[in-house]
Structures are given as structure tokens and as C-alpha cells.
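Colleague: Could we go through this model together? I would like to start with how terms are used and then move on to the residues.

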Amino acid sequence: MKKKIFAVAAVLMAVAAVSAYAPATGSESLFELSSPNGMTYASSVTGGGVPYVNSASISVNPALTAKSQRVGLNAGYTALITKGDKTKLGSMFQAGLMVPFKWAVVSGELYGAMPNSPSMTIGNSMILETGLSKEITEHLDVGLGVNTGVRWGGFADWGLSANLGFVYEMGNLGFMKDFRYGVSISNLGKNYGSTEEKDFLSSYPGFCTIRAGASGLFFANDNIKIGGSLDLSTPCFCNMVMDTGVQLTLKDMLTISVAEKINLKEAINGNKNYIPSIGMLFTFKFNTNNEYLASHDWSESEMTVGAAYKNIYENVNAASMGCDL
């Protein structure tokens, strides 16, 4: 009898916790909206169906950069357009650096968010992420990250938390090639308090967010690659978010991406939108004759430029552009 009472009590407490969880609208997409690849690669914990990784990837899984072999720079900007009685313009941006060493890959990424939208109650914030990743074996990569940030305006606050994760590459699985799966645990520490009421369950980004996902190539040859990914995450154990995306790459130069996000809590609260994001990335290679760059094996490099669009909510649209070196 006592076991049944405890079981019922546990269920009631879990239901109460889920009901009490009320994060700021848009807070569970805080990082991904600031760049084209973040917006269209479905926040993949494994790097996407056709993998694409830069320093910003550590916001999803700090292990993703482990196999990077050259110094990388990236920058992205997103305009948030809120339509209403008066059209309002907000901004998100990111800039980062990734440096591989023999012992590990070190990454850093700065994010800024000034949404200026009554539909996105996340306030203005700046977050600095640092990450350390390591290739343990040919198949297993692990990573560790630290976030620190400040929020200002009417709800000033600060945050300090840690992330960890891994990616495992299986190779071929059935008809799929380059099959990968991974898990990350994010926001282990103090996060921003709610912009509406000061309580633990409404802090954001969601405390102890566990994200698990898998990805792989459906088809691949020298000219075309088609891949997809599926991720599930549980912010604060009080919500369920599904991210899925598909990428088509031509000649390893042009990538067209489509991604969909379904946030259960926001859908229940009426902030639902099932229009997928769409984006393009174009990569081109170039050579330099500089002796200093050649001596450091930097004479051959590449640049990726991208653009993406997403209708976030019924009255909020995001247009993003970015560049990676």
C-alpha cells in the first residue's frame, strides 16, 4: 500500500513540476538562431546528416569539434523581424574561434541576443562559451564546455554552467552510411532566472538539458550526398523538444538544408509553428602564395558563406547570414 502511495505521490509531483516549468519564450532556441548553420542543421548533437562543424557547434555538443584539423573562424548575424502595430527589429549574433592542438581542440564562441520582441521574452543577453574536445579513438570523441553570461535590462542576471558530451561513429548501419549517435548534457550550473517569475524551474537555458540524437547519410557518391538527423532533448526534465533536419550537398560545395523543431511546451502554450527553416551554405577553396602561411600548412584554405530563413512564431521571422574561415 505504501509503495502505491509513494508512486502516486511521485507521479503527482512530476506533473506539478512539468506544469510549473515556464521558461521564457524562445529561450530553448537561444543559440541556434544566431547563424545559418545553427538555424538549419537542426541543432544536431552529431553534427548533422551531412556533417558540418565549427566552433559554434560546442553549444549543442562540446565533443563535435574533436576531429577538426585546422584553425577556424566564424561569424554570424540574424535579424529578427516582429510584425505588429509597429514592425520591430531585433538582433542575434555570434563570433568564434577553433584551434586544434596535438592534445585537444580548443574552441570559444561569443553569442549576443537582443530580440526586441514581445513574442520572445528572453531579454538581452551575452554568453561566452569555451570548449575542449578530444578524439579518444577512431570512433569516439568526447568534450567538455563552460558557459558564462550576463543578461541586462529589466531582469538583470548572470549564469555559469558546464556542458559535456560524446559522439560515436559506427560507420555503416543498414542502408545508412557514416552513421553516428551522440549524447550531450548541458547547462549544469546556474542559469538565467525567469523573466516572468523567479523560480528554479523557469530558469533558462533549461537546467541539465539532456540531448540524444543520431544521424547518417541516406545516399552518397562523388557528386551528391543526402543525409538526415533526429534529436530529442529534455530541458530541465520538464519539456520535450524534437529537432530533425535533412541536408543535400552537391560536389561538396553547395549544401541545402531544411530543419524542423517541435517544442512541446511552447506548442501547448499556443506558440506553435511547424514551418521548417531553410538555408544554403556554399564552400569554396582558395590558395595563397604567402611563405609564412605555407610554412604553417595554411596556404590551402576554404571559406563557407551561408544564409537562412525561419518563421519562428506567427509574427516573428528570422533572416540569417554567416561566414566561416
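Modeller: Let me fix one term before we begin: a residue counts as buried under 20% relative accessible area, as exposed over 50%, and as partly exposed in between. Please also keep in mind that this is a predicted model.

Colleague: Fine. Is K190 buried, exposed or partly exposed?

Modeller: K190 has a relative accessibility of 30%, and because that value falls between the two cut-offs, K190 counts as partly exposed.

Colleague: And which residue does its side chain meet in a salt bridge?

Modeller: The side chain of K190 meets that of D157 in a salt bridge, with an N to O distance of 2.9 Å. K190 lies in strand β7 (residues 176-190) and D157 in strand β6, so this pair ties together parts that are 33 residues apart in sequence.

Colleague: What about D157, buried or exposed?

Modeller: D157 is buried, with a relative accessible area of 15%, whereas its partner K190 is partly exposed.

Colleague: How many salt bridges are there in total?

Modeller: The count comes to eleven salt bridges. One of the pairs is K67 with E169, whose side chains meet at 3.8 Å, N to O. That pair links distant parts of the chain, since K67 sits in the loop between α2 (36-40) and β1 (72-82) while E169 belongs to strand β6 (residues 157-173), 102 residues apart.

Colleague: How accessible are K67 and E169?

Modeller: K67 is partly exposed at 30% relative accessibility, and E169 is partly exposed as well, with a relative accessible area of 21%.

Colleague: Which residue does R70 pair with?

Modeller: R70 forms a salt bridge with E302, the side chains meeting at 3.5 Å, N to O. E302 lies in strand β13 and R70 in the loop between α2 and β1, so the bridge ties together parts that are 232 residues apart in sequence. Both partners are partly exposed, E302 with a relative accessible area of 24% and R70 with 34%.

Colleague: Which residues are linked in a network of salt bridges?

Modeller: A network of salt bridges links E32, R211, D231, D243 and K261.

Colleague: Back to β13 for a moment. Where is T304, and is it buried or exposed?

Modeller: T304 is found in strand β13, which covers residues 300-313. Its relative accessible area is 5%, and because this is under 20%, T304 counts as buried.

Colleague: What does its side chain make a polar contact with?

Modeller: The T304 side chain makes a polar contact with the side chain of T283, at 2.8 Å. Leaving aside neighbours within four places in sequence, the residues in contact with T304 are Y52, L281, F282, T283, G322, C323 and D324.

Colleague: Changing topic, what can you tell me about T209?

Modeller: T209 has its place in strand β8, residues 209-220, and is buried, with a relative accessible area of 11%. With neighbours within four places in sequence left aside, its contacts include S184, I185, S186 and N187, and also S233, T234, P235 and C236.

Colleague: Last one: what does the whole protein look like in numbers?

Modeller: The secondary structure comes to four helices and 14 strands, and 47% of the 325 residues count as buried. Among contacts with a separation of 6 or more, 56% are between residues 24 or more positions apart. The accessible surface comes to about 15,800 Å², and 67% of that belongs to carbon and sulfur atoms.

Conventions:
Residues numbered from 1 in each chain as written. Predicted model: local features only at pLDDT ≥ 70, side-chain atom pairs only at ≥ 80, totals over all residues. Heavy atoms only, no water. Helix = DSSP H or I, 4+ residues; strand = E, 2+ residues; numbered from the N terminus. Buried < 20%, exposed > 50% of the residue type's maximum accessible area, 1.4 Å probe, protein only. Polar contact = N/O pair within 3.5 Å; in protein donor to acceptor, adjacent residues only side chain to side chain. Contact = heavy atoms within 4.5 Å. Areas by Shrake-Rupley, 256 points an atom, 1.4 Å probe, with all protein chains shown as cover. Salt bridge = Lys/Arg side-chain N within 4 Å of Asp/Glu carboxyl O.
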